[in-house]
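Trainee: Got a minute to go through this model with me? I'd like to talk about its charged residues.

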Amino acid sequence: MELLLPSRALRLSRLRIFCLLEAATLLILLLVAVPMKHLAGLPWAVSLMGPLHGLVFLGFCWKVANAATLEDVSARMGFKLVLFACLPGGGFYSWKLLDREPASPSPVP
């Protein structure tokens with residue numbers, strides 16, 4: 001039985017969506033939920049956004065590992081994507097990096 005995979009362009013577009021989701025949830029966590037906890041005494045904000053961001057981050061890491069395994073991105077690019085995901089707003093830069101990714105994978109020598 002042959003395994004049918006989505007096209008490379010579709011997989012990269014899904015990875016780009018995860019870049020945006022990861023960056024947005026991290027910024028909401030840091031800029032909204034943490035101040036709400038410490039300034040307004042509302043700890044439920046962090047209790048809600050912390051696990052949500054963690055889940056999105058794990059999904060993002062899964063997509064990066066999947067893209068590297070299928071050779072949609074290089075291992076170096078995958079490392080950069082995960083590194084930038086650890087920085088607030090870095091996912092937006094990763095989104096732009098993936099926009100510059102070539103349409104077809106480079107040939108392996």
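**Charges and where they sit**

Trainee: Let's start with R8: buried or exposed?

Mentor: R8 is buried, with a relative accessible area of 12%. Buried here means under 20% relative accessible area, exposed means over 50%, and partly exposed is in between (1.4 Å probe, protein chains only).

Trainee: Before we go on, what should I know about the numbers?

Mentor: This is a predicted model, so local features need pLDDT of at least 70 and side-chain atom pairs count only at pLDDT 80 or more, while totals for chains, interfaces and linings use all residues. Residues are numbered from 1 along each chain as its sequence is written, and side-chain values use heavy atoms, leaving out hydrogens and water.

Trainee: Cool. How many salt bridges are there?

Mentor: The count comes to three, where a salt bridge is a side-chain nitrogen of Lys or Arg within 4 Å of a carboxyl oxygen of Asp or Glu.

Trainee: And what does R8 pair with?

Mentor: R8 forms a salt bridge with D72, and their closest N and O atoms are 3.8 Å apart. That pair links distant parts of the chain, 64 residues apart: R8 is in helix α1, and D72 is in the loop between α2 (44-69) and α3 (75-85). Helices are DSSP runs of H or I with at least four residues, numbered from the N terminus. D72 is buried too, at a relative accessible area of 2%.

Trainee: Which other residue meets D72 in a salt bridge?

Mentor: R11 does, at 2.6 Å from N to O. R11 lies in helix α1 and D72 in the loop between α2 and α3, so this pair ties together parts 61 residues apart in sequence. R11 counts as buried at 16% relative accessibility.

Trainee: What about R16? Which residue is its partner?

Mentor: That's D99, with the closest N and O atoms 3.9 Å apart. Since D99 lies in helix α4 (residues 90-99) and R16 in helix α1, the pair ties together parts that are 83 residues apart in sequence. D99 is partly exposed at 45%, whereas R16 is buried at 18%.

Trainee: Which residues do shared partners join into one network?

Mentor: R8, R11 and D72 are joined into one network that way.

Trainee: Switching to E22: where is the nearest side chain of opposite charge?

Mentor: That is R16, 13 Å away, and E22 is buried yet has no salt bridge. For charge, Lys and Arg count as positive and Asp and Glu as negative; His and the chain ends are not counted.

Trainee: So what does E22 touch?

Mentor: Not counting residues up to four places away in sequence, E22 touches H53, V56, F57, F60, A85 and G91. Contact means heavy atoms within 4.5 Å. E22 itself lies in helix α1 (residues 8-40).

Trainee: New topic: how many residues has α2, and how far does it reach?

Mentor: α2 has 26 residues and reaches 38 Å from its first C-alpha to its last, close to the 38 Å expected. The expected span is 1.5 Å times one less than the number of residues. Its buried residues include H53, V56, F60 and K63, and what covers its buried residues includes α1 and α3.

Trainee: What follows α2?

Mentor: E71, with a positive phi near 60°, although E71 is not a glycine. E71 is found in the loop between α2 and α3 and counts as exposed at 51% relative accessibility.

Methods. Helices (H or I, at least four residues) and strands (E, at least two) are DSSP runs, numbered from the N terminus.
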